[in-house]
Amino acid sequence: MAKGSTRLVRYVVFAVFTLTSAFSFQALALFYFVSNSKYNGVTVHPGDFKGRWDNSQSQDRAPTDQEQEAPLRSGSDSTAGDTSGDSSEYYPKDREEWGVTSKARIAEMGKQFPLAMNPNDPGWDNLMSTAPGPRMNATFVTLARNSDVYDIAKSIRQVEDRFNRRYNYDWVFLNDKPFDDTFKKVTSSLASGKTHYGLIPKEHWSYPEWIDRDRAKKVREDMKARKIIYGDSVSYRHMCRYESGFFFRHPLMLNYEYYWRVEPSIELFCDVHYDPFRVLVEEDKKYSFVLSLYEYGETIKTLWDSTKKFMKNHPEHIAPDNSLEFLSDDDGETYNNCHFWSNFEIGSLDWLRSKSYIDFFESLDKDGGFFYERWGDAPVHSIAAGLLLKKDEIKFFNDIAYYHVPFTHCPTGEQTRLDLRCHCNPKDNFDWKTYSCTSRYFDLNGLKKPEGHDSEHK
Ligand SMILES: Nc1nc2c(ncn2[C@@H]2O[C@H](COP(=O)(O)OP(=O)(O)O)[C@@H](O)[C@H]2O)c(=O)[nH]1
Ligand SMILES: [Mg+2]
């Protein structure tokens, strides 16, 4: 609680700060197959990864600590770190046999089991039993420390109660240290799908060789003195770099095509009647969000310079119909700090494993800002989504109600909240406040804002 309120104060301070910078900036320049009603899960084949990393755990049982701590195979390090090729190199050869989402099959099944998107749709009232219809090749994914166990327990309970008890998607847990028995017991008792526990390879959670550690240390000291949130933290920087460039390449994640990121202590306030993974597949979306806001500018001072350098070096990766307008108010000269809040994400792993995304991440990583500044994975994912994806590949889920300290997304529209049996306070909804960037997303995509948005301003 105390930790929560300290954070809240910090967020308010930085929100005010960023608002100020956003306004002064404006003044100057005017931001995932399974059959029928039974879900069998996706079989993970640990053997297929042997040549890659021996220290990853893919199992339907919890790994022993010894297994988790098995050393990296010598000679596999470079494979583990080799990110230069196209996405195919990240897949085991027999991937096709594992139920890779086939659009044609989804469409066929979709006709038999239409998604219940609205109260009048068939199946809407079926909230008590397993949802019929296909499952996507998807998983929840959580990066966590052992000490996060009861905070992630809270999140899992809510995700299960509001959605996953009817869908039983798997859950992958990743950690830079071996998960302990308590973590494994508590989380596996709560999750309705299979649970997998993975250890992060050392080279994905350490300084790359080109980083000057003294310089990085000085930056941390300076940020500490300036009371910049997480400014003095080494682990937070490794976390942000890992979420930016590596979680989707962990061996456990290679089996899946779509992910839903869940952090400790989040809340889901409304029933989720339909399968958001299937919505992404059917609508051809690659990334989705529920909250957006301005980043704390001090943590990303040169991120846009690095981005511009990437754009110049890799024009072939920039999508023709992108969302640059979401990110910049002056046609790409400067960054307006708008980003999708990445503690909630449902997205395509194939996209993150694509050459364009990997090239982008590597280019940023070489510039060192994860350590010389404090680049967050939220602006990194958002800039990538904004530039590398077509704008209609990014989705906003109004009806997934979400909280992560200190912001809430409570669906706009009273009837929607009643239909979804929401328990959030509409007054807490952040979407249409001045320091949210969600309006920009709607305007840029020519989308009609949900009914009632204008009475929720400020
Ligand atoms: N394994 C591990 N997970 C971490 C570490 N630091 C943060 N995380 C996880 O990374 C995510 C983001 O961290 P969090 O403390 O929630 O940051 P915030 O949401 O930006 O305040 C959460 O899922 C944390 O559990 C770390 O040092 N080790
Ligand atoms: Mg968090």
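## A quick tour of strand 3 and its surroundings

Thr-195, Tyr-197 and Leu-199 stick out to one side of strand 3, His-196 and Gly-198 point the other way, and all of them are buried. That fits the strand as a whole, which spans residues 195–199 and is mostly covered, with five of its five residues buried. Keep in mind that you're looking at a predicted model.

**How strand 3 connects**
- Strand 3 pairs with strand 2 (residues 170–175) in the parallel sense, over five bridges.
- To get from strand 2 to strand 3, the chain passes through helix 6 (residues 181–190), and this β-α-β crossover is right-handed.
- Want one bridge to look for? Trp-171 has Thr-195 in strand 3 as its bridge partner.

**Asp-170, a charged residue under cover**
- Asp-170 sits in strand 2.
- Asp-170 is buried yet has no salt bridge. The nearest side chain of opposite charge belongs to Lys-194, 6.2 Å away, and a salt bridge has to be within 4 Å.
- What Asp-170 does have is a polar contact of 2.7 Å, side chain to side chain, with Tyr-256.

**The magnesium site**
- Glu-263 (OE) and His-404 (NE2) coordinate the magnesium ion (ligand 2), at 1.9 to 2.2 Å.
- Glu-263 comes from the loop between strand 4 (258–261) and strand 5 (267–268), while His-404 comes from strand 11 (residues 402–404), so the pair ties together parts that are 141 residues apart in sequence.
- His-404 is buried, with a relative accessible area of 8%.

Technical notes
Residues numbered from 1 in each chain as written. Chains lettered and ligands numbered in written order. Predicted model: local features only at pLDDT ≥ 70, side-chain atom pairs only at ≥ 80, totals over all residues. Heavy atoms only, no water. Buried < 20%, exposed > 50% of the residue type's maximum accessible area, 1.4 Å probe, protein only. Helix = DSSP H or I, 4+ residues; strand = E, 2+ residues; numbered from the N terminus. Pairing = 2+ DSSP bridges. Right-handed = clockwise from strand over helix to strand, strands pointing away. Donors = N, O, S within 2.8 Å, 3.2 Å for Na, K, Ca; no water. Lys, Arg positive; Asp, Glu negative; His and termini not counted. Polar contact = N/O pair within 3.5 Å; in protein donor to acceptor, adjacent residues only side chain to side chain.
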